[in-house]
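Q: Could you pick one part of this model and go through it closely, backbone and packing together? I'd like one connected account, with the cut-offs spelled out as you go.

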Amino acid sequence: MTIKDLPLLAKTVIDGFMNGFNKSTVKGPGLEFSQYRSYQPGDDLRWLDWRMFARSDRYYIRESEVETSISVRFLVDASASMNHDDDGVKKIEYAKALTASLAYLANLQGDSVALNVFKEGNLFSMPSRPDPRHLQRLYYHLQQVEPTGTFTKPIHYKELFAGAGRKELLVFVTDMYQANGEIDELLKSLSALRHEIIVFHLIGQNELDFDFKGYTSLEDLETGETIQVNTQRAKDTYQHRLKEHLAGIKSNLAAKGIVYQMVSTAQPLDEALRAFLVQRKKGTK
(Lines give C-alpha, C1' and ligand atoms only; values in the text may rest on other atoms or scores of the structure.)
Protein backbone atom coordinates (compact mmCIF):
# COMPACT_ATOMS: atom_id res chain seq x y z
CA MET A 1 0.00 0.00 0.00
CA THR A 2 1.44 3.38 -0.98
CA ILE A 3 0.75 6.76 0.58
CA LYS A 4 -1.50 7.66 -2.35
CA ASP A 5 -3.52 4.46 -1.93
CA LEU A 6 -4.63 5.24 1.63
CA PRO A 7 -6.84 8.28 0.81
CA LEU A 8 -8.44 6.42 -2.11
CA LEU A 9 -9.08 3.37 0.05
CA ALA A 10 -10.63 5.53 2.76
CA LYS A 11 -12.95 7.26 0.28
CA THR A 12 -13.95 3.94 -1.32
CA VAL A 13 -14.74 2.33 2.03
CA ILE A 14 -16.83 5.25 3.29
CA ASP A 15 -18.69 5.66 -0.01
CA GLY A 16 -19.63 2.00 0.12
CA PHE A 17 -20.52 2.24 3.77
CA MET A 18 -22.80 5.26 3.34
CA ASN A 19 -24.50 3.75 0.30
CA GLY A 20 -25.34 0.76 2.45
CA PHE A 21 -27.36 3.05 4.69
CA ASN A 22 -29.20 5.05 2.03
CA LYS A 23 -32.58 4.28 3.55
CA SER A 24 -31.48 4.27 7.19
CA THR A 25 -33.48 6.32 9.67
CA VAL A 26 -30.75 6.16 12.29
CA LYS A 27 -29.76 9.58 13.53
CA GLY A 28 -26.89 10.68 15.71
CA PRO A 29 -24.25 13.37 16.28
CA GLY A 30 -20.58 13.43 15.46
CA LEU A 31 -18.86 10.31 14.26
CA GLU A 32 -22.00 8.18 14.42
CA PHE A 33 -21.76 7.33 10.69
CA SER A 34 -25.52 8.01 10.54
CA GLN A 35 -26.18 11.71 10.09
CA TYR A 36 -26.45 11.53 6.33
CA ARG A 37 -27.94 9.52 3.51
CA SER A 38 -27.67 9.94 -0.23
CA TYR A 39 -30.09 12.34 -1.89
CA GLN A 40 -33.17 10.71 -3.42
CA PRO A 41 -35.54 12.36 -5.93
CA GLY A 42 -38.35 14.05 -4.02
CA ASP A 43 -36.26 14.83 -0.91
CA ASP A 44 -36.75 18.27 0.63
CA LEU A 45 -33.87 20.37 -0.69
CA ARG A 46 -33.82 22.36 2.52
CA TRP A 47 -32.04 19.41 4.14
CA LEU A 48 -29.40 19.11 1.43
CA ASP A 49 -25.98 19.49 3.05
CA TRP A 50 -23.92 21.76 0.80
CA ARG A 51 -20.85 21.41 3.00
CA MET A 52 -20.85 17.67 2.35
CA PHE A 53 -21.30 18.35 -1.37
CA ALA A 54 -18.34 20.72 -1.40
CA ARG A 55 -16.15 18.13 0.29
CA SER A 56 -17.27 14.98 -1.54
CA ASP A 57 -18.90 16.21 -4.78
CA ARG A 58 -21.96 14.14 -3.87
CA TYR A 59 -25.39 15.12 -2.61
CA TYR A 60 -26.31 14.04 0.94
CA ILE A 61 -29.37 14.74 3.05
CA ARG A 62 -28.77 15.59 6.71
CA GLU A 63 -31.01 13.39 8.85
CA SER A 64 -30.21 15.11 12.12
CA GLU A 65 -31.19 18.72 12.72
CA VAL A 66 -28.39 19.08 15.27
CA GLU A 67 -25.25 20.72 13.91
CA THR A 68 -22.22 19.12 15.49
CA SER A 69 -18.51 19.67 15.23
CA ILE A 70 -16.25 17.66 17.47
CA SER A 71 -12.63 16.63 17.75
CA VAL A 72 -11.99 12.99 16.86
CA ARG A 73 -8.67 11.67 18.11
CA PHE A 74 -7.40 8.38 16.71
CA LEU A 75 -5.16 6.28 18.95
CA VAL A 76 -3.28 3.57 17.06
CA ASP A 77 -1.48 0.66 18.68
CA ALA A 78 1.74 0.10 16.71
CA SER A 79 3.47 -2.39 19.00
CA ALA A 80 5.09 -5.45 17.42
CA SER A 81 2.05 -7.70 17.99
CA MET A 82 0.21 -5.64 15.36
CA ASN A 83 2.41 -7.41 12.80
CA HIS A 84 0.26 -10.50 13.24
CA ASP A 85 -0.62 -11.84 9.79
CA ASP A 86 -3.77 -13.69 8.78
CA ASP A 87 -3.93 -14.81 5.16
CA GLY A 88 -1.73 -11.93 4.02
CA VAL A 89 -3.50 -9.22 6.04
CA LYS A 90 -1.56 -7.72 8.93
CA LYS A 91 -3.38 -6.13 11.83
CA ILE A 92 -1.46 -2.88 11.36
CA GLU A 93 -2.54 -2.58 7.72
CA TYR A 94 -6.16 -3.13 8.73
CA ALA A 95 -5.71 -0.57 11.52
CA LYS A 96 -4.32 2.00 9.07
CA ALA A 97 -7.22 1.48 6.66
CA LEU A 98 -9.81 1.63 9.43
CA THR A 99 -8.30 4.79 10.91
CA ALA A 100 -7.97 6.48 7.51
CA SER A 101 -11.59 5.64 6.65
CA LEU A 102 -12.97 7.03 9.90
CA ALA A 103 -10.77 10.12 9.63
CA TYR A 104 -12.10 10.71 6.11
CA LEU A 105 -15.66 10.46 7.41
CA ALA A 106 -14.95 12.77 10.33
CA ASN A 107 -13.44 15.33 7.99
CA LEU A 108 -16.47 15.10 5.68
CA GLN A 109 -18.65 16.02 8.64
CA GLY A 110 -16.47 19.01 9.47
CA ASP A 111 -14.89 17.46 12.56
CA SER A 112 -11.30 17.99 13.61
CA VAL A 113 -9.02 14.95 13.52
CA ALA A 114 -5.93 14.10 15.56
CA LEU A 115 -3.58 11.12 15.70
CA ASN A 116 -1.58 9.39 18.40
CA VAL A 117 0.59 6.34 17.75
CA PHE A 118 1.83 4.07 20.54
CA LYS A 119 5.02 2.12 19.75
CA GLU A 120 8.42 1.22 21.18
CA GLY A 121 7.45 2.72 24.50
CA ASN A 122 6.96 6.14 22.86
CA LEU A 123 3.97 8.25 21.88
CA PHE A 124 3.70 10.13 18.58
CA SER A 125 1.23 13.02 18.71
CA MET A 126 -0.42 14.98 15.92
CA PRO A 127 -2.70 17.84 17.07
CA SER A 128 -6.36 18.26 16.22
CA ARG A 129 -7.34 20.40 13.22
CA PRO A 130 -10.35 20.36 10.83
CA ASP A 131 -8.79 21.35 7.50
CA PRO A 132 -8.39 18.93 4.55
CA ARG A 133 -4.61 19.45 4.41
CA HIS A 134 -4.40 18.21 7.97
CA LEU A 135 -6.23 15.05 6.89
CA GLN A 136 -3.55 14.50 4.24
CA ARG A 137 -0.89 14.85 6.93
CA LEU A 138 -2.72 12.24 9.01
CA TYR A 139 -2.67 9.86 6.02
CA TYR A 140 1.05 10.49 5.61
CA HIS A 141 1.91 9.77 9.24
CA LEU A 142 -0.29 6.68 9.24
CA GLN A 143 1.53 5.31 6.23
CA GLN A 144 4.89 5.72 7.98
CA VAL A 145 3.86 3.54 10.92
CA GLU A 146 5.78 0.27 11.24
CA PRO A 147 4.98 -1.85 14.30
CA THR A 148 7.87 -2.57 16.63
CA GLY A 149 8.61 -3.03 20.31
CA THR A 150 6.10 -3.10 23.11
CA PHE A 151 3.09 -0.91 23.89
CA THR A 152 3.92 2.42 25.53
CA LYS A 153 4.27 2.15 29.30
CA PRO A 154 1.89 4.28 31.39
CA ILE A 155 2.90 7.93 31.25
CA HIS A 156 1.15 11.19 32.10
CA TYR A 157 -1.92 10.33 30.04
CA LYS A 158 -4.24 12.74 31.86
CA GLU A 159 -1.99 15.70 31.15
CA LEU A 160 -1.49 14.64 27.51
CA PHE A 161 -5.13 14.08 26.65
CA ALA A 162 -6.85 16.67 28.83
CA GLY A 163 -6.18 19.34 26.21
CA ALA A 164 -7.95 22.60 26.86
CA GLY A 165 -10.71 20.84 28.74
CA ARG A 166 -12.63 20.12 25.54
CA LYS A 167 -14.24 16.71 25.35
CA GLU A 168 -13.15 14.56 22.44
CA LEU A 169 -14.22 11.36 20.78
CA LEU A 170 -11.31 8.95 21.17
CA VAL A 171 -11.11 6.04 18.74
CA PHE A 172 -8.59 3.43 19.89
CA VAL A 173 -7.51 0.79 17.33
CA THR A 174 -5.61 -2.03 19.02
CA ASP A 175 -5.19 -5.78 19.40
CA MET A 176 -5.49 -5.37 23.20
CA TYR A 177 -2.21 -7.24 23.68
CA GLN A 178 -0.46 -6.05 26.84
CA ALA A 179 2.21 -7.46 29.10
CA ASN A 180 1.54 -5.58 32.33
CA GLY A 181 -1.80 -3.81 32.02
CA GLU A 182 -0.48 -0.87 29.98
CA ILE A 183 -3.62 -0.63 27.84
CA ASP A 184 -5.90 -1.00 30.84
CA GLU A 185 -4.06 1.89 32.51
CA LEU A 186 -4.40 4.05 29.39
CA LEU A 187 -8.15 3.44 29.11
CA LYS A 188 -8.66 3.99 32.83
CA SER A 189 -6.94 7.38 32.60
CA LEU A 190 -8.82 8.42 29.48
CA SER A 191 -12.24 7.42 30.83
CA ALA A 192 -11.55 9.55 33.92
CA LEU A 193 -11.35 12.58 31.60
CA ARG A 194 -14.96 11.93 30.54
CA HIS A 195 -14.11 11.61 26.86
CA GLU A 196 -16.28 9.31 24.78
CA ILE A 197 -14.12 6.30 23.92
CA ILE A 198 -14.56 3.65 21.23
CA VAL A 199 -12.25 0.64 21.15
CA PHE A 200 -11.87 -1.34 17.94
CA HIS A 201 -10.27 -4.62 18.99
CA LEU A 202 -8.57 -6.20 15.98
CA ILE A 203 -8.10 -9.95 15.96
CA GLY A 204 -7.06 -12.31 13.19
CA GLN A 205 -9.57 -14.87 12.00
CA ASN A 206 -6.85 -17.50 12.48
CA GLU A 207 -6.68 -16.42 16.13
CA LEU A 208 -10.44 -16.79 16.51
CA ASP A 209 -10.47 -20.20 14.82
CA PHE A 210 -7.07 -21.32 16.16
CA ASP A 211 -6.20 -22.13 12.59
CA PHE A 212 -2.46 -22.80 12.82
CA LYS A 213 -2.28 -26.20 11.17
CA GLY A 214 1.22 -27.32 10.39
CA TYR A 215 2.77 -25.26 13.18
CA THR A 216 4.34 -26.92 16.22
CA SER A 217 5.33 -23.69 18.00
CA LEU A 218 3.92 -20.19 18.39
CA GLU A 219 6.00 -17.04 18.94
CA ASP A 220 5.17 -13.93 20.94
CA LEU A 221 5.81 -11.08 18.48
CA GLU A 222 6.75 -8.65 21.25
CA THR A 223 8.90 -10.77 23.57
CA GLY A 224 10.20 -13.35 21.10
CA GLU A 225 9.21 -16.16 23.46
CA THR A 226 8.01 -19.40 21.85
CA ILE A 227 5.87 -22.25 23.10
CA GLN A 228 5.44 -25.75 21.74
CA VAL A 229 1.84 -26.57 20.91
CA ASN A 230 -0.27 -29.35 19.48
CA THR A 231 -2.82 -27.28 17.59
CA GLN A 232 -5.35 -30.10 17.26
CA ARG A 233 -5.37 -31.03 20.94
CA ALA A 234 -5.24 -27.47 22.24
CA LYS A 235 -8.02 -26.04 20.04
CA ASP A 236 -11.02 -26.66 22.32
CA THR A 237 -9.24 -25.39 25.42
CA TYR A 238 -7.91 -22.37 23.54
CA GLN A 239 -11.28 -21.33 22.14
CA HIS A 240 -12.95 -21.70 25.54
CA ARG A 241 -10.33 -19.48 27.17
CA LEU A 242 -10.45 -16.99 24.30
CA LYS A 243 -14.22 -16.69 24.71
CA GLU A 244 -13.75 -15.96 28.41
CA HIS A 245 -10.94 -13.51 27.64
CA LEU A 246 -13.00 -11.52 25.13
CA ALA A 247 -16.02 -11.47 27.44
CA GLY A 248 -13.78 -10.16 30.22
CA ILE A 249 -12.45 -7.35 28.03
CA LYS A 250 -15.95 -6.33 26.96
CA SER A 251 -17.26 -6.38 30.53
CA ASN A 252 -14.30 -4.42 31.86
CA LEU A 253 -14.66 -1.70 29.23
CA ALA A 254 -18.43 -1.51 29.62
CA ALA A 255 -17.93 -0.83 33.33
CA LYS A 256 -15.88 2.22 32.34
CA GLY A 257 -18.51 3.41 29.87
CA ILE A 258 -16.27 2.52 26.90
CA VAL A 259 -17.79 1.28 23.65
CA TYR A 260 -16.20 -1.99 22.48
CA GLN A 261 -16.22 -3.56 19.03
CA MET A 262 -14.26 -6.70 18.20
CA VAL A 263 -13.32 -6.86 14.51
CA SER A 264 -11.85 -9.77 12.59
CA THR A 265 -9.22 -8.67 10.09
CA ALA A 266 -10.93 -11.01 7.62
CA GLN A 267 -14.03 -8.80 7.68
CA PRO A 268 -14.40 -6.16 4.92
CA LEU A 269 -14.09 -2.66 6.37
CA ASP A 270 -17.49 -1.39 5.25
CA GLU A 271 -19.13 -4.46 6.84
CA ALA A 272 -17.22 -3.86 10.06
CA LEU A 273 -18.49 -0.27 10.19
CA ARG A 274 -22.07 -1.36 9.54
CA ALA A 275 -21.83 -3.98 12.29
CA PHE A 276 -20.54 -1.29 14.62
CA LEU A 277 -23.43 1.05 13.80
CA VAL A 278 -25.98 -1.70 14.43
CA GLN A 279 -24.41 -2.34 17.83
CA ARG A 280 -24.44 1.39 18.64
CA LYS A 281 -28.09 1.63 17.66
CA LYS A 282 -29.03 -1.26 19.94
CA GLY A 283 -26.99 0.23 22.76
CA THR A 284 -28.91 3.52 22.65
CA LYS A 285 -32.35 1.96 22.90
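A: Let's start in the loop between β4 (85-86) and β5 (89-90), where Asp87 lies. (Helices are DSSP runs of H or I with at least four residues, strands are runs of E with at least two, and both are numbered from the N terminus.) The model is predicted, so local features need pLDDT of at least 70 and side-chain atom pairs count only at pLDDT 80 or more, while totals for chains, interfaces and linings use all residues. Residues are numbered from 1 along each chain as its sequence is written, and side-chain values use heavy atoms, with hydrogens and water left out.

Asp87 is not a glycine, yet its phi is positive, at about 55°. Most residues other than glycine have a negative phi. Asp87 also counts as exposed because its relative accessibility is 76%; the cut-offs are under 20% for buried, over 50% for exposed and partly exposed in between, with a 1.4 Å probe and protein chains only.

Following the chain past β5 brings us to α3 (residues 91-108). This helix has 18 residues and spans 26 Å from first C-alpha to last, close to the 26 Å expected at 1.5 Å a residue (the expected span is 1.5 Å times one less than the number of residues). It's mostly covered, with 17 of its 18 residues buried. One residue to zoom in on is Tyr94, which sits in α3 and counts as buried because its relative accessibility is 7%. Skipping neighbours within four places in sequence, Tyr94 touches Val89, Leu202, Val263, Ser264, Thr265, Gln267, Pro268, Leu269 and Ala272, where contact means heavy atoms within 4.5 Å. With Pro268, the C-alpha to C-alpha distance is 9.6 Å across 174 residues of sequence.

α3 also has a helical partner. Its axis is 10 Å from that of α4 (residues 132-144), and the two pack at about 175°. (Axes are lines fitted to C-alpha atoms, for helices over the stretch in contact, and angles run from 0 to 180 degrees between N-to-C directions.) That makes α3 and α4 roughly antiparallel, since the label goes to angles over 145 degrees, with under 35 for roughly parallel, 65 to 115 for roughly perpendicular and the rest oblique. On the α3 side the contact uses Lys96, Thr99, Ala100, Ala103, Tyr104 and Asn107, and on the α4 side Pro132, Leu135, Leu138, Tyr139, Leu142 and Gln143. By class, that's eight nonpolar, three polar and one charged residues (Ala, Val, Leu, Ile, Met, Phe, Trp, Tyr, Cys and Pro are nonpolar, Asp, Glu, Lys and Arg are charged, and the others, Gly among them, are polar). After α3 comes Gly110, with a positive phi near 85°.

Next up is β6 (residues 112-119), which pairs in parallel with β3 (residues 71-77) over seven bridges; strands pair if DSSP finds at least two bridges between them. Within this pairing, Arg73 bridges to Ala114 and Val76 to Val117. β6 is mostly covered too, with seven of its eight residues buried. Six bridges tie β6 to β7, and those two run antiparallel, with Val113 opposite Arg129 in β7. They form a hairpin with two residues between them, and Glu120 in that turn has a positive phi of about 50°.

Zooming out, these strands belong to an open, mixed sheet of six, ordered β7-β6-β3-β8-β9-β12. β7 (122-129) and β12 (259-264) are the edges; each has a single partner strand, so one side of each has no neighbour in the sheet. Neighbouring strands are turned by 15° against each other on average, direction ignored.

As for what packs here, α4 lies across β3, β6 and β7, at about 165° to β7. α6 packs on the sheet as well, touching β3, β6, β8 (169-174) and β9, with its direction about 170° from that of β8. The buried residues in α6 include Ile183, Leu186, Leu187 and Leu190. Just after α6, Arg194 has a positive phi of about 65°, in the loop that leads to β9 (196-203). Arg194 counts as exposed because its relative accessibility is 63%.
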